[in-house]
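Notebook open, structure loaded. I want to keep a short record of what I look up as I go.

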Amino acid sequence: MELNNFWKTLPAPHFALAPMEDVTDTVFRELVAGTSAPGNLHVVFTEFMSVDGFLHEKGRDKAKHRLLVSEQERTVLKKNGIRIVAQIWGSDPEKFYRAARIIAGDDQFDGLDINMGCPVKKIVKHNACSALINVPETAREIVQATREGSGLPVSVKTRIGFNHVVTEEWITHLLEVRTAAIILHGRTQKMQSEGVADWNEVRKAVELRDTLQSDTQILGNGDVSSYADGLERARKYQADGVMVGRGIFHDPFFFAAVPQQGHQARLKLLQQHLERFNTQWGREKNFAILKRFFKIYVHSFDGAGEMRALLMDTRNCSEALQVIKEYNVHA
Ligand SMILES: Cc1cc2nc3c(=O)[nH]c(=O)nc-3n(C[C@H](O)[C@H](O)[C@H](O)COP(=O)(O)O)c2cc1C
């Protein structure tokens, strides 16, 4: 049984930054938490990490990157009262137990989350992530093993079904396992990221929770486009919380008191991002993963297109920083 279930202490509605591979590393989480207004962001998640990789000697270092929490990030999270959850994935309950024990031993995380939503075919093929929706008994064993191994509150991030919508059976099952929180993305595996997330299914999950008198927190996920939109969805669909993924791509100041800030503020954030990425990762991580961010920070001003093109041609953080410096000189 978990000792300290932080999920129960969060205000309603609460906001979480979604786990996103090659996006929400320690550097980006630090940046987002740093721009957040007090009380606007409550939980951040790591990128998903394979328990198989983590327990395997050769894959361990790469897997561990995913769970790295820098001192700088920890300081910002602490200052703003933001919790951090490590997300793990796999298919073997015993491996979850062993990985959970090690992860909790480091005392870095407030909770563990199990990925039961990733729809990617090569992962699903290994009976992991969204494939667990089709094998609820294994899913139950995984939640229990992770809880026993870690002593931390265990949440599940999942979808409303695999080929078709099975919210009622699937969520009832997760509620019976006494999952601390369920983050429900309103799409099936088959939908991948297509179509519209169905938040009526989120409301259905909340109603099931209420009927079963469970204290599991239910967070809705999918297509939240702004902070105001998140508040409105939580109200309309009665969710305890809201998880935001791609919304942060549309506005890196999503959680700030003043969202949608001007291009100078975005460029300053890009500069910070590059500097922190450089000192944090050096050559350990591929610089190319930063290219996704250029579109996020550099738009809506004269010369933005040219600047993006220059940035796309850079090969490392120093070159990218030089592009910003030259722009600032001529601006
Ligand atoms: C680039 C990218 C990487 C993602 N990586 C993860 C991941 O590591 N773990 C996870 O549970 N979901 C992952 N997701 C899914 C998101 O967490 C989220 O559930 C999905 O994008 C829907 O929410 P949104 O409409 O707010 O983006 C990823 C999504 C994107 C776009």
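My entries below go from the domains to a central strand, then to the ligand and two single residues.

**Entry: ground rules**

I note up front that this is a predicted model.

**Entry: domains**

I started with the domain split. The assignment gives me domain 1 at 6-250 and domain 2 at 263-330. I looked up the spacing as well: the C-alpha centres of domain 1 and domain 2 are 29 Å apart. Where they touch, I find 7 residues from domain 1 and 8 residues from domain 2 in the contact. Which helix gives the largest share of the domain 1 side? I get helix H1 (residues 26-35), which supplies 4 residues. By type, that side of domain 1 splits into 3 nonpolar, 2 polar and 2 charged residues.

**Entry: Val32, since I was on H1**

I picked Val32, which sits in helix H1. Is it buried or exposed? I count 24 other C-beta atoms within 10 Å, so Val32 is buried. Skipping its neighbours within four places in sequence, I find Val32 in contact with Leu17, Ile248 and Phe255. I also checked Val32 against Glu94: they are 62 residues apart in sequence, and their C-alpha atoms are 35 Å apart in space.

**Entry: strand E4**

Next I went to strand E4 (residues 83-89). Why do I call it largely enclosed by the rest of the structure? Because 7 of the 7 residues of E4 are buried. I looked at each face in turn. One side carries Arg83, Val85, Gln87 and Trp89, the other Ile84, Ala86 and Ile88, and all of them are buried, which leaves both faces of E4 covered.

**Entry: partners of E4**

I then went through the strands that pair with E4.

- Strand E2 (residues 43-45) runs parallel to E4, and 3 bridges join them. In this pair I see Phe45 opposite Val85 of E4.
- Strand E3 (residues 49-50) also pairs with E4 in the parallel sense, over 2 bridges. Here Met49 stands opposite Ile88.
- Strand E5 (residues 111-116) is parallel to E4 too, with 4 bridges between them. Ile88 of E4 faces Ile114 in E5.

I followed the chain from E4 to E5 and passed through helix H5 (residues 93-105); this β-α-β crossover is right-handed.

**Entry: ligand shell**

How many residues surround the ligand? I get 21, and the closest are Ala18, Met20, Phe48, Gly245 and Arg246. Sorting the shell by type, I have 8 nonpolar, 8 polar and 5 charged residues.

**Entry: Asp223**

Arg246 had come up at the ligand, and I looked up Asp223 with it. Where does Asp223 lie? I find Asp223 in the loop between strand E8 (217-221) and helix H10 (227-237). Its C-alpha atom is 7.5 Å from that of Arg246, though the two are 23 residues apart along the chain. Asp223 counts as buried because it has 20 C-beta neighbours inside 10 Å, and 20 is where the buried class begins. Leaving out neighbours within four places in sequence, I have Asp223 in contact with Val196 and Ala197.

**Entry: what I keep from this**

I keep two things from these look-ups. E4 is covered on both faces and pairs in parallel with E2, E3 and E5. H1 gives the largest share of the domain 1 side that touches domain 2, and Val32 in that helix is buried.

How values were computed:
Residues are numbered from 1 along each chain as its sequence is written. This is a predicted model: local features need pLDDT of at least 70, side-chain atom pairs count only at pLDDT 80 or more; totals for chains, interfaces and linings use all residues. A residue is near a molecule or strand if its C-beta atom, placed from the backbone, lies within 6 Å of it. Ala, Val, Leu, Ile, Met, Phe, Trp, Tyr, Cys and Pro count as nonpolar, Asp, Glu, Lys and Arg as charged, and the others, Gly among them, as polar. Domain bounds come from an automatic or database domain assignment. Two residues are in contact if their C-beta atoms, placed from the backbone, lie within 7 Å. A residue is buried if 20 or more other C-beta atoms lie within 10 Å of its own, exposed if 12 or fewer, and partly exposed in between; C-beta atoms are placed from the backbone. Two strands pair if DSSP finds at least two bridges between them. A crossover is right-handed if, with the strands pointing away from the viewer, the path from the first strand over the helix to the second runs clockwise.
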